[in-house]
Amino acid sequence: IQLCWASRSHPFMESPTFMQHLVEALREHRTVDINLLKRPEIKQQIINEVAELLDAEAEDDATFGLVLPTSTDEDDALFAGNFNCSVNGKGALARFFANGFDYIFKWSKEYEPMKEESAGSVAKKLGLHPLEVIYDWLCEDNGKQVVSFLFMNYHKYSLEDTTEMLLHKDSIPGLGDAGAHAGFIVDSTSHTYLLTHYVRDRVSGPKISIETAVKLHTSDPAHYFGLDDRGIIKEGFKADINVINMDELECCRPEFKFDLPKGAGRWIQESKGYDYTILTGTIVHEFGQATGNLPGRLVRNPNRGKGLPAGYKYNGITGKMSMWLSTAKLETKQMALRVLLRVLGPDNVLALGSYLAQTPLESNLEHSN
């Protein structure tokens, strides 16, 4: 999750003082008043309000979720078209971030920071509350600084687990959520990051070859989806090519902009180092600037009506049987859950789930034996 003052994805969203300022500032200027936020009395008041939420007795189980906007009122137009924070009770959002102070970092191009760089570690070293550290970070560079919350796949302060998944023979990298989380994450530079970090700059673990990185984003997905006319540079194939300057390749710092319909906000992130982007032999981007050429056309699934894609692992009788068994297993689990909900009730099912999640696997096995 990326954090900045305007994004609404940060620990101070439940502060009444901050929310009053944010709504007024966005309505008038489409940005926050960083000079106001830097005032010592305002800073202390906002931090105190959030700290009180953390110290108070939880009104719920501190869960956190994301839901679509539920209002189309004109007053809510500032936040229309984006995911909203949704909490089950007062203080849940603040506790969500507080539980991860050791995984909140000032943004860097590497996205693989050490534990001592975290808000929790910096606060301990300086004798401050982590909220103070995060607050000061967000105020840097005239309020344009970005803070990253690495809350998934980073418990070892390393990308080794992600690397293992990325290089697994059955993995295809990518994410297609149509911008549903545009106010929280930004992944438009994931392919660039694969080249800058994993291929060129990584020092905290083994690198991967440029051949492997390119294959992951070209021929592998093309083969998987049956697009057999692209994915490699070869005579007779589509001339879809990026000409990249590896020395200049860079992921720029993310920015939060209000350029969606009705002025809604989203994260954007630029890349540098792409000299040319060529589509079907036509240059569409030159040194980061669009040329105005639009040769692209809708790509239809070449396997429509022919079953599963060519590279799909469930092709064949054995594979289709495995897919049927997997589906049956999922439906059985869903049916069992519905029965539990009816017999035990939602509260008892949640309590059971929490107990099982907190009980070591070995303990569960011992009880079952």
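## Ser148 and its surroundings

Let's start with Ser148, which sits in strand E5, a run covering residues 147–149. Bear in mind that this is a predicted model. Ser148 has a relative accessibility of 4%, so this residue counts as buried, the cut-off being under 20%.

Who are its neighbours? Leaving aside residues up to four places away in sequence, Ser148 touches Ile1, Gln2, Tyr103, Ile104, Phe105, Trp107 and Tyr111. With Gln2 there is also a polar contact, made side chain to side chain at 2.8 Å.

## A four-stranded open sheet

Further along the chain, four strands form an open sheet in the order E6-E11-E12-E13, and their pairing is antiparallel. Strand E6 (241–244) and strand E13 (289–290) are the edges, each pairing on one side only.

At the E13 edge, the partner is strand E12 (residues 282–286), and the two are joined in the antiparallel sense over two bridges. Here you can find Glu286 opposite Gln289 of E13.

## A nonpolar patch on the surface

Now for the surface: Met335, Leu337, Val339, Leu340, Leu341, Val343, Leu344, Leu352 and Tyr355 together make a nonpolar patch of about 790 Å². Two helices, H11 (316–344) and H12 (346–358), each supply at least two of the patch residues. The most comes from H11, which gives seven residues.

Leu337 is a handy example to look at, being one of the patch residues and found in helix H11. Its relative accessibility is 38%, so Leu337 counts as partly exposed; that class lies between the 20% and 50% cut-offs.

How values were computed: Residues numbered from 1 in each chain as written. Predicted model: local features only at pLDDT ≥ 70, side-chain atom pairs only at ≥ 80, totals over all residues. Heavy atoms only, no water. Buried < 20%, exposed > 50% of the residue type's maximum accessible area, 1.4 Å probe, protein only. Polar contact = N/O pair within 3.5 Å; in protein donor to acceptor, adjacent residues only side chain to side chain. Contact = heavy atoms within 4.5 Å. Pairing = 2+ DSSP bridges. Patch = residues over 30% accessible without salt bridge, like charges linked within 9 Å, V, L, I, M, F, W, Y side chains within 5 Å. Areas by Shrake-Rupley, 256 points an atom, 1.4 Å probe, with all protein chains shown as cover. Salt bridge = Lys/Arg side-chain N within 4 Å of Asp/Glu carboxyl O.
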